[in-house]
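Q: I am new to this structure and would like a close look at a single part of it. Please take me through one helix and its surroundings in a connected way.

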Amino acid sequence: MYLKILNLILKQKGASIMNMKKNIVTALLIAIGYILHQIVPGAIGSMKFDIMLSMIFVSLFINKDAKNAAVTAVLGGVITAMTTTFPGGQLPNIIDKVVTCILVYFMLRATEGFSHTRVKLAIISFIGTLISGTVFLLSALVMVGLPVPFLALFIGIVIPTSITNIFVTTFIHEIVQKSIKASGISLTS
């Protein structure tokens with residue numbers, strides 16, 4: 001009875017159960033990213049290794065919708081802004097997530113015909129993390145200055161995080177795919 005009412009409400013509002021399922025997966029990934037971002041300590045110049053990006057990339061990979069990219073960008077940016085240890089890093093976190101999500105969305109769209117999912121995911125997560133780190137550092141440099149030279153932060157944090165996120169993103173994606181398959185939930189239209 002309740003499911004019928006919920007389904008009716010969702011259909012009247014133009015949403016579908018499929019979109020709701022994808023949005024729930026995105027919300028869960030962002031929540032996990034929040035926890036991970038909260039517990040990762042600040043490193044060089046109080047800049048964190050941004051594992052939230054892995055959750056964002058998996059969300060975008062599973063739900064390749066422009067609206068999902070926008071929501072994921074804003075949520076990811078606000079949450080990393082709330083949990084940053086970087087002095088004045090709140091706005092740069094939001095800026096970098098918005099720019100990164102837009103560019104990763106377009107990378108995913110441009111590579112739709114590429115069949116090697118793991119390779120594609122690994123490359124996009126590496127490039128996406130490089131973009132995110134670069135945008136973060138440049139916007140922080142302009143807005144608040146950097147506590148450590150740009151190159152030190154780029155080499156000491158951005159590059160290692162980019163390499164780490166290759167493995168974290170592919171691992172999380174595999175877990176999510178297996179969980180979706182085991183639950184019997186279909187996320188395809």
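A: What follows looks at helix 5 and then moves outward to its surroundings.

The model is a predicted one, and the values below are computed from it. Helix 5 runs over residues 90–110, and because each of its 21 residues should add 1.5 Å, a span of 30 Å is expected, which agrees with the 31 Å that separates its end C-alpha atoms. Buried along helix 5 are P92, N93, D96, K97, T100, C101, V104, Y105, M107 and L108. In an α-helix there are 3.6 residues a turn, so residues three or four places apart point the same way. The cover over the buried residues of helix 5 includes helix 3 (52–62), helix 4 and helix 6 (117–143).

Two residues of helix 6 show how this cover is made. S132 has its place in helix 6, and because its relative accessibility is 2%, under the 20% cut-off, it counts as buried. The side chain of S132 makes a polar contact with the side chain of D96, at 2.3 Å, and D96 is itself one of the buried residues of helix 5. Leaving aside residues up to four places away in sequence, S132 touches D50, L53, D96, K97 and T100.

The other residue, I124, also lies in helix 6, and it is buried, since its relative accessible area is 5%. With residues up to four places away in sequence again not counted, I124 touches V104, M107, L108 and T111, and among the buried residues of helix 5 are V104, M107 and L108. I124 can also be placed against T169, which is 45 residues apart from it in sequence but 9.8 Å apart in space, taken from C-alpha to C-alpha.

Helix 4, another part of the cover, covers residues 66–82, and because its 17 residues should span 24 Å at 1.5 Å a residue, the 24 Å between its end C-alpha atoms agrees with what is expected. At the start of helix 4, a side-chain oxygen of D65 comes to within 3.1 Å of the backbone nitrogen of K67. Within helix 4, the buried residues are N68, A69, T72, A73, G76, G77, I79, T80 and A81.

To bring the parts together, the buried residues of helix 5 have helix 3, helix 4 and helix 6 among what covers them, and from helix 6 the contacts of S132 include D96, K97 and T100, while those of I124 include V104, M107 and L108.

Notes:
Residues are numbered from 1 along each chain as its sequence is written. This is a predicted model: local features need pLDDT of at least 70, side-chain atom pairs count only at pLDDT 80 or more; totals for chains, interfaces and linings use all residues. Side-chain values use heavy atoms; hydrogens and water are left out. Helices (H or I, at least four residues) and strands (E, at least two) are DSSP runs, numbered from the N terminus. The expected span of a helix is 1.5 Å times one less than its number of residues. Buried means under 20% relative accessible area, exposed over 50%, partly exposed in between (1.4 Å probe, protein chains only). A polar contact is a pair of N or O atoms within 3.5 Å; within protein, one must be able to donate a hydrogen and the other to accept it, and residues adjacent in sequence count only if both atoms are side-chain atoms. Contact means heavy atoms within 4.5 Å.
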